[in-house]
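Thanks for coming, everyone. I'll put the structure up on the screen, and then we can walk through it together.

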Amino acid sequence: MAGEEENNNCGENSFSVLVVDNDTVIRMVHRMLMTSLGLKVQEAKNGKEVVDLYINGASFDLILMDMEMPIMNGPAATRELRAMGVKSIIIGVTSHTSESIHKDFIEAGLNHCVAKPITIAKIDSFLPKSNNN
Amino acid sequence: MDSVVQLQRQLVDYTGQLFNEGFLDDQFNQLQQLQDESNPDFVVELVTLFFEDSEKLLNELAKDLEQPSIDYRKIDAHVHQLKGSSSSIGVQRVQKVCIAFRNYCEERNIEGCQKCLQQVKNEYSLVKTKLETLFKLEQQVLAAGGSIPWPM
C-alpha cells in the first residue's frame, strides 16, 4: 500500500495532497503548510466533493480530512472512499480531543487521526521527506 | 536608521507582550514562519479572513441564543467551528472560551452560554485590536525601510 510513495527520490513535487475542510481559514493554513514542503495541494469543502473528485478519476497521495463538515462529514467520506477501494493515505483532522471520537473516526478507515491545529511534526511520518531514512 | 531600529524593537516588544499575555500561542509563530518573499502577506490575509468568518459566527451565535426555542446543536456547531479556526490561527484566548462555551452547550445551560458569548466577543475584539496594532507596526517598520524580524 505504501509502495508508491517510497520512491520519493524522484522528487516531493509529485506528492499530492487534498486538503478537506469546510472552514476557509483552516484550508488556507493547511494549504500553506503543505505548500511550504513543496507538495502539490488541492482543496475540497466537504466529503461529497472528495468522493466526487475520486469518481471523476482524480487521485491524491494524502488526504487531510476534517471530521465535521456539512453535506458529508469526514467519517462518511472516508468510509465511502475505502469502499471504492481508494488506497490514499487519509489523515483525520479534528478539533475534538476525545480518544473515543478519534477511535470512531479511525475505524471509518483512516491511517491516522490528529487534533487541530495540525503541524508538520504531527503528520511527519506520512510525508515523503521523512521516508528518506 | 535609528528610527527603524526603534520601530523594530517596538514591534518585537509588542509581539512578545501578546505571547506573554496569552493572546497568541506557538501556532501563530508557526504561521509567521511559513511566510516568505513568495507570500509576504500570508498572515495578514489569513487573519483578515479569520476576522470576517468570526464576525459572521458571532452574529449567528447571538441570533441562536435569542430564539424562543434554543437549538443547542446549531450553537455547538458554530462554537466548534470558531474553536477550530481560532486554534489554527493561534488565537488561544478565544479558543479557550470556546471550550467552556461548548461545555455549557452540552449542559444546555443558557446563562452559561450567554456569559460565554459575551466573553468570546470580548476576547475576539481584544485580539482583533491587538493584531491590527501589530500589523500596523509591521507596516511602519517596512515603510521606514526596515525588515520584519521574524521568526523571533
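Okay, let's start with B:Ile89, which sits in helix 4 of chain B, the helix that covers residues 72-89. Before I go on, please keep in mind that this is a predicted model. So, is B:Ile89 buried or exposed? B:Ile89 counts as buried, because its relative accessibility is 0%.

And what does B:Ile89 touch, once we leave aside its neighbours within four places in sequence? From its own chain, the contacts are B:Gln27, B:Phe28, B:Leu31, B:Leu46, B:Val47 and B:Phe50. There's also a contact on chain A, namely A:Val25. Here's another way to see how the chain folds back: B:Ile89 and B:Asn29 are 60 residues apart in sequence, yet their C-alpha atoms are 9.3 Å apart in space.

Staying in helix 4 of chain B, have a look at B:Ser85. B:Ser85 has a relative accessible area of 2%, so it's buried as well. Again leaving aside neighbours within four places in sequence, B:Ser85 is in contact with A:Asp23, A:Val25 and A:Ile26 over on chain A, and with B:Phe50 on chain B. You may recognise two of those names: A:Val25 and B:Phe50 also turned up among the contacts of B:Ile89.

Let's follow B:Phe50, then, because that takes us to the rings.

How many aromatic pairs are there over all chains? A search of the whole structure gives three. One of them joins B:Phe50 to B:Phe51, and that pair is tilted, with 6.3 Å from centre to centre and 50 degrees between the planes. Both of those phenylalanines are buried. Another pair is B:Phe51 with B:Tyr124, and this one is edge-to-face, at 6.0 Å centre to centre and 80 degrees between the planes. What does that pair tie together? Well, B:Phe51 lies in helix 3 of chain B, residues 42-64, and B:Tyr124 lies in helix 6 of chain B, residues 110-143, so the pair ties together parts that are 73 residues apart in sequence. B:Phe51 and B:Tyr124 are both buried. Put the pairs together and you get a cluster of B:Phe50, B:Phe51 and B:Tyr124, linked by ring pairs.

There's something else going on at B:Phe51. The charged end of B:Lys128 sits over its ring, 5.5 Å from the centre. Elsewhere in chain B you'll find B:Arg93 lying over the face of B:Phe23, at 3.9 Å from the ring centre.

Now for the empty space. Rolling a probe the size of a water molecule over the atoms shows where empty space is left. The structure holds one cavity of 30 Å³ or more. How much space lies in the largest cavity? About 40 Å³. Its lining takes in both chains: A:Leu33, A:Ile118, A:Thr119 and A:Ile120 on one side of the list, and B:Gln27, B:Gln30 and B:Leu31 on the other. Helix 2 of chain B, residues 26-34, gives the largest share of that lining, with three residues. By type, the lining residues are four nonpolar and three polar, with no charged ones. And yes, B:Gln27 and B:Leu31 were in contact with B:Ile89, back where we started.

Next, the largest pocket, which has about 390 Å³ of space. It is lined by 17 residues, and the closest to its centre are A:Glu68, A:Met69, B:Ala77, B:His78 and B:His80. Which helix gives the most to this lining? It's helix 4 of chain B again, with six residues. Here the lining divides into eight charged, five polar and four nonpolar residues.

Let me finish over on chain A. Chain A has six helices and five strands, and along the sequence the pattern reads α-β-α-β-α-β-α-β-α-β-α. There are 133 residues in chain A, and buried ones make up 50% of them. If you take the contacts in chain A with a separation of 6 or more, 62% are between residues 24 or more positions apart.

One last residue there: A:Ser98, in the loop between strand 4 (89-94) and helix 5 (99-107) of chain A. With a relative accessible area of 30%, A:Ser98 is partly exposed. A:Ser98 and A:Ala115 are 17 residues apart along the chain, and 9.3 Å separates their C-alpha atoms.

That's my tour. Over to you for questions.

Terms used. Residues are numbered from 1 along each chain as its sequence is written. Chains are lettered from A and ligands numbered from 1 in the order in which they are written. This is a predicted model: local features need pLDDT of at least 70, side-chain atom pairs count only at pLDDT 80 or more; totals for chains, interfaces and linings use all residues. Side-chain values use heavy atoms; hydrogens and water are left out. On a 1 Å grid over the protein atoms alone, a cavity is a set of points where a 1.4 Å probe fits but cannot get out, and a pocket is an open set with protein on both sides within 12 Å along at least five of seven lines; lining residues have an atom within 4 Å of a point. Grid points are joined across faces, edges and corners, and a volume is the space filled by probe spheres set on the points. Helices (H or I, at least four residues) and strands (E, at least two) are DSSP runs, numbered from the N terminus. Ala, Val, Leu, Ile, Met, Phe, Trp, Tyr, Cys and Pro count as nonpolar, Asp, Glu, Lys and Arg as charged, and the others, Gly among them, as polar. Rings of Phe, Tyr and Trp (its six-membered ring) pair if their centres lie within 6.5 Å; planes under 30 degrees apart count as stacked, over 60 as edge-to-face and the rest as tilted. Buried means under 20% relative accessible area, exposed over 50%, partly exposed in between (1.4 Å probe, protein chains only). A charge sits over a ring if NZ of Lys or CZ of Arg is within 6 Å of the ring centre and within 35 degrees of the ring normal. Contact means heavy atoms within 4.5 Å.
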